Amino acid sequence: MAHRIAVIGAPSLIGREILRCLSETSLAGAEVVALAQGRGAGADISWGDKAVLKTRDVARFDFAGTQLAIFACDAKLAAVEVPRATAAGAMAIDLSGHFHLEADVPLVVAGLNDHTVARAARRRIIACPLPASLILAMVLKPLHEAAGVKRVVAATYQPASGAGKEAMDELWSQTRGIFVNDTPEAQYFTKQIAFNVIPHIDRFMPDGATREEWAMGVEIRKLLHPDIQVSASCVRVPVMLGLGMALNIAFDRPITERDAREALRKAPGLSLLDRRDDGGYASPAEIVGEDMVYVSRIRRDATLPEGLSLWVVGDDVRLGAALNAARLAEAVFKA
């Protein structure tokens, strides 16, 4: 009997990529149900090489008989539908962020802390981290094992894709409009995004940080170690896909550039592109569609005895979200 998997938010950018990633795994033969809310219902979605799924209304869907439900939707919808799915016996993989900081819900990156999946048995919920946190955690883990990460200062350069298709459409329309002398009109973003950068992702909190910046710190501590301190500045940039990150890391113990490169080179899911010449580094445009995190420009911090600086890029939609969900789906059925 084929596994039955429901993907909630299937018509979204991440939902479609989840279906693509699932079709590339051992779950390609599963029975997949595409679900959406409101106007998203009724859309045709590609599944594998030939199949087309008709999206159904999640509010009317009976989760009975569904072993796994993947939520690529907003937190408000997940808050309602995840408990309904788990009550019907499904395991939920949630990318909405609604459950990611709850103590009894494991926050999991496939290949990094898979052992925590077992903790999902009681509530039947597995949470996925923010794409920026996932990419950062993949880089920090081998370095933490090598020398003990004490503090991270992260500046993230996040593409329009992180805010969804509507945000990408706004970037495209503004960019095109500027070339014909139209005045850019911000509708989805708070400011003009074309030919601009916006130091604002998610809502502001009382201390002046945005929720994205705060959540990165909390997620890294949950994923890796409770003593790691993170100071993040998250910036939206006029790029369609691909996330960049400049990191400054302070360690508990001395670590040389050579030792750091060796630790990163051995780590799964990472690729070094670190030549000290023109073009000897990775950029977001080059890594779209890739399943690896690329690390470049590893160098000593001259102001910090036990510090390094480096540059990191990864595909926020595929690697940072969809691929993790697909790999966790495989882990659920192998458990």
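**Figure 1. Strand 9 and strand 10 form a parallel pair.** In this predicted model, strand 9 (residues 149-158) is joined to strand 10 by eight bridges in the parallel sense. Strands are DSSP runs of E with at least two residues, helices are runs of H or I with at least four residues, and both are numbered from the N terminus. Two strands count as paired if DSSP finds at least two bridges between them. Within this pair, Val-235 of strand 10 stands opposite Tyr-157. Residues are numbered from 1 along each chain as its sequence is written, side-chain values use heavy atoms, with hydrogens and water left out. Because the model is predicted, local features need pLDDT of at least 70 and side-chain atom pairs count only at pLDDT 80 or more, while totals for chains, interfaces and linings use all residues.

**Figure 2. Six strands make up an open sheet.** The strand order is 10-9-11-14-13-12, and the pairing is mixed. Strand 10 (229-236) and strand 12 (270-272) stand at the edges; each has a single partner strand, so one side of each lacks a neighbour in the sheet. From one strand to the next, the twist averages 25 degrees. Angles run from 0 to 180 degrees between N-to-C directions, and axes are lines fitted to C-alpha atoms, for helices over the stretch in contact.

**Figure 3. Helix 5 lies across strand 9 and strand 10.** Helix 5 (residues 211-223) runs at about 140 degrees to strand 10. The helix has 13 residues and reaches 18 Å from its first C-alpha to its last, close to the 18 Å expected at 1.5 Å a residue; the expected span is 1.5 Å times one less than the number of residues. Its buried residues include Ala-215, Met-216, Ile-220 and Leu-223, where buried means under 20% relative accessible area, exposed over 50%, and partly exposed in between (1.4 Å probe, protein chains only). The buried residues of helix 5 pack against helix 3 (131-147), strand 9 and strand 10.

**Figure 4. Strand 14 is largely enclosed by the rest of the structure.** Eight of the eight residues of strand 14 (residues 307-314) are buried. In a regular strand the side chains alternate between the two faces of the sheet. Here Gly-307, Ser-309, Trp-311 and Val-313 point one way, whereas Leu-308, Leu-310, Val-312 and Gly-314 point the other way. Strand 14 pairs with strand 11 (residues 243-251) in the antiparallel sense over eight bridges, and Trp-311 is the bridge partner of Ala-246. Strand 13 (residues 293-300) also runs antiparallel to strand 14, joined by five bridges; there Trp-311 is the bridge partner of Ser-296. Strand 13 and strand 14 form a hairpin with six residues between them.

**Figure 5. Cys-21 and Cys-73 are buried cysteines.** The relative accessibility of Cys-21 is 0%, and that of Cys-73 is 15%. For Cys-21, the closest cysteine sulfur is that of Cys-128, 12 Å away and too far for a bond. The sulfur of Cys-73 likewise has its closest cysteine sulfur in Cys-128, at 12 Å, too far for a bond. A search of the whole structure finds zero disulfides, a disulfide being a pair of cysteine sulfur atoms within 2.5 Å.

**Figure 6. Thr-25 lies in the loop between helix 1 (13-23) and strand 2 (31-36).** Thr-25 is buried, with a relative accessible area of 17%. Leaving aside residues up to four places away in sequence, Thr-25 touches Ala-326 and Glu-330, where contact means heavy atoms within 4.5 Å.
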